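Notebook open, coffee ready. Here is what I looked up today, starting with some aromatic rings.

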Amino acid sequence: MKDQLIEKIMEEVMKKVDQPKAEAKAEECKPQQKFCGLTEFVGTAIGDTIGLVIANVDSQVHEAMGLDKKYRSIGILGARTGAGPHIFAADEAVKATNTEIIKIELPRDTKGGAGHGSLIIFGAEDVSDAKRAVEVALKELDRTFGDVYANDAGHLEFQYTARASYACNKAFNAPIGKAFGIIVGAPAAIGVLIADTAVKAANVDVIGYASPAGGTSFSNEVILFISGDSGAVRQAIIAAREVGVKLLGTMGEEPKPVTVPYI
Amino acid sequence: MKDQLIEKIMEEVMKKVDQPKAEAKAEECKPQQKFCGLTEFVGTAIGDTIGLVIANVDSQVHEAMGLDKKYRSIGILGARTGAGPHIFAADEAVKATNTEIIKIELPRDTKGGAGHGSLIIFGAEDVSDAKRAVEVALKELDRTFGDVYANDAGHLEFQYTARASYACNKAFNAPIGKAFGIIVGAPAAIGVLIADTAVKAANVDVIGYASPAGGTSFSNEVILFISGDSGAVRQAIIAAREVGVKLLGTMGEEPKPVTVPYI
Amino acid sequence: MKDQLIEKIMEEVMKKVDQPKAEAKAEECKPQQKFCGLTEFVGTAIGDTIGLVIANVDSQVHEAMGLDKKYRSIGILGARTGAGPHIFAADEAVKATNTEIIKIELPRDTKGGAGHGSLIIFGAEDVSDAKRAVEVALKELDRTFGDVYANDAGHLEFQYTARASYACNKAFNAPIGKAFGIIVGAPAAIGVLIADTAVKAANVDVIGYASPAGGTSFSNEVILFISGDSGAVRQAIIAAREVGVKLLGTMGEEPKPVTVPYI
């Protein structure tokens, strides 16, 4: 009986002790969606992302921000974690709405991780367009986080679009209307290797290369930008992804996609 | 009896299990004040801040640092977390002592957070003046951390002085002798919105605007610098604070002030 | 008997509750060495470091990276945590192999800490040379992390070589063939003070000085580079280390060396 008692107590105790952890984990996975009653608030999403709008930006702030006078209404998409997912999401948003990308800024962030956060500003003549763009982008994030892989040692990111639009053009110099993708490895050493893997795997054009000392905000990433035939861009990315996951896995746990892979 | 026994055991266990957490929390809140017997050591404060003095800087180091030859004695205030609180604290210190601000540098830090740390150097002809400036600044930090609000997703910071002095002038271009304030939001998206809120709420002058791509060290902040009539500056800040706390609250727990609000 | 029972249960429970912590600690200390079957993979080491080689870099990537055409084979050494340890390890690697340092980049990293990560590229005409250089560097890291001291508030780093080679020259402008050392303090305030301590303690030449606003990637460090007579460089470092450990200790726990001190 004593043994049974001990067993029963152990069970109870472990349940209680593990509970906060389980709750913390659930909290982490569930995108929080709280509301605050402000008309400027559009929503939140994965990656500590927030979406906001201003119907009519104050003229002093407008000037201090260096915005084009054409746009009084702006949509604001900002995140602690993620730049690629947000830029590709914004790319879909400009395709779907009557807005323009007027600013993309990349803080060094990811909350202690190796990459960037983001600040993206949409310009619109009408606040409802700006709001719609932010809504579309927030919704796209679930997809664009699909090929982000992470473990404690670093992360890998792959983005692909069959037809690049103005956000990818502004941020990465992507040729508009063509298939375009990015390959990100962190720590940067992995990024160098999978950039090489990608370009060897398919006949693609290298549009750009970013590394800690240039083209990033001193993040610990190497990023390759590629364009070309749709099948080739995908093939290059898939090859890089396969190698990247293996390499990052040698540094820690098996890297898992943040949401569901789409490439 | 068995149930009582289990209950009693559970109680004991939970007490023991929770103890390290409680201790960790207490440790976190209590500003550590250890001593080390070095005459150069002045003290420590909130935000992983340390205050030091050098009576007579070595000439090679003096030159490598690019200091003005006028000052052989320097006071050093440095922190992992916080730039605004330290600059406004240093502003009071230069008012109160016979010292000058000779350097303000802003690392990208906050220990995985979205903002800056700081390195501030006071110059003095006499080491006792340098020491006094550091002491005043360390003491002011309790107040200047009062309108810093934070949760896991980001932070907000508001600083106000009725009469800007040389530290605010050097760091932010604040007009000396006039009321001056700063409004900080992180992630940067929130900073954009509350900058707009502030300037719409009162008749103030925008002195400057900093964002991840300019004026910050790639931090995930937007910062607005405002000057003007004392009441107007306070009113602008209070309006921004109200909106900021609501917005940051949609991304996580309710943001709480680090110490006690003073604005 | 009831008391004995309670005691026994408590013991069992605490064992079980503490187990994950003990495991986590062991995991942290043990350098992971996993393999992945790729010929490009060389190994991993302390500081979330990975070593890789590419036998024949793709020409498009080669050009995008801005590499010297002379080298088709590259060795890649990258880390989340540590720049000094990696550069001094690479310095030994170029001495020992037929390779050249072609790139050193310093991301702002250390996983939420105050310093840098690193990306170092070796060039070689033959892939076996590139691989050997990476192997030597990975092995040296155990030694070069010996005088890195850290606690929750910051870190100190001291590196010394009796005879600087091409990595130290490229990264720090060290005179080749002479004794050379670096003194790093984070938060930067501590770095300022121990730089002064070092130069006062021995007759050394100041080769350079880096701080958050210049020469670092906005890290919260001050770094002094010194050269001169071998005994003097060591003496300067030892003096700085003694003071640095005391100062960092006032901000948290007693700073401990990451591996085993060698200076």
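**Entry 1: a ring pair across chains.** I started with Phe218(A), which comes out at 22% relative accessibility, so I put it down as partly exposed. Buried would need under 20%. Phe218(B) also has 22% relative accessibility, so it counts as partly exposed too. A note to self: this is a predicted model.

I then looked up the aromatic pairs and got 21 over all chains. One of them joins Phe218(A) and Phe218(B): the ring centres are 5.8 Å apart and the planes sit at 70°, so I call the pair edge-to-face. For that label the planes have to be over 60 degrees apart. This pair crosses between chains. On each side, the Phe sits in the loop between strand E9 (205–210) and strand E10 (222–228), in chain A for Phe218(A) and in chain B for Phe218(B).

**Entry 2: another pair, in chain B.** Phe35(B) and Phe41(B) are edge-to-face as well, with 6.3 Å from centre to centre and 90° between the planes. Are the two partners buried or exposed? Phe35(B) is exposed, because its relative accessible area is 65%, whereas Phe41(B) has 7% and is therefore buried.

**Entry 3: more rings.** In chain A, I found a cluster held together by ring pairs: Phe88(A), Phe172(A), Phe180(A) and Phe225(A).

Next I checked for charges over rings, in chain B. The charged end of Arg143(B) sits over the ring of Tyr262(B), 4.7 Å from the ring centre. Arg234(B) lies over the face of Tyr160(B), and there the distance to the ring centre is 5.7 Å.

**Entry 4: a helix in chain C.** I checked the length of helix H3 (residues 84–96) of chain C. With 13 residues at 1.5 Å each, the helix should span 18 Å, and I get 19 Å between its end C-alpha atoms, which agrees.

How many residues of H3(C) are buried? I count 10 of the 13, so the helix is largely enclosed by the rest of the structure. Among the buried ones are Pro85(C), Ile87(C), Phe88(C) and Val94(C). Asp91(C) and His86(C) are on the buried list too.

**Entry 5: empty space.** Rolling a probe the size of a water molecule over the atoms shows where empty space is left. I got 1 cavity of 30 Å³ or more. The largest cavity has a volume of about 140 Å³. It is lined by 14 residues, and the closest to its centre are Gly112(A), Arg108(B), Gly112(B), Arg108(C) and Gly112(C).

What classes make up the lining? I noted 8 charged and 6 polar residues, and no nonpolar ones.

How values were computed: Residues numbered from 1 in each chain as written. Chains lettered and ligands numbered in written order. Predicted model: local features only at pLDDT ≥ 70, side-chain atom pairs only at ≥ 80, totals over all residues. Heavy atoms only, no water. 1 Å grid on protein atoms, 1.4 Å probe; cavity = no way out; pocket = protein on both sides within 12 Å on 5 of 7 lines; lining within 4 Å. Points joined across faces, edges and corners; volume = space filled by probe spheres on them. Nonpolar A, V, L, I, M, F, W, Y, C, P; charged D, E, K, R; others polar. Helix = DSSP H or I, 4+ residues; strand = E, 2+ residues; numbered from the N terminus. Expected span 1.5 Å × (residues − 1). Buried < 20%, exposed > 50% of the residue type's maximum accessible area, 1.4 Å probe, protein only. Phe/Tyr/Trp six-rings, centres within 6.5 Å; stacked < 30°, edge-to-face > 60°. Lys NZ or Arg CZ within 6 Å of the ring centre and 35° of its normal.
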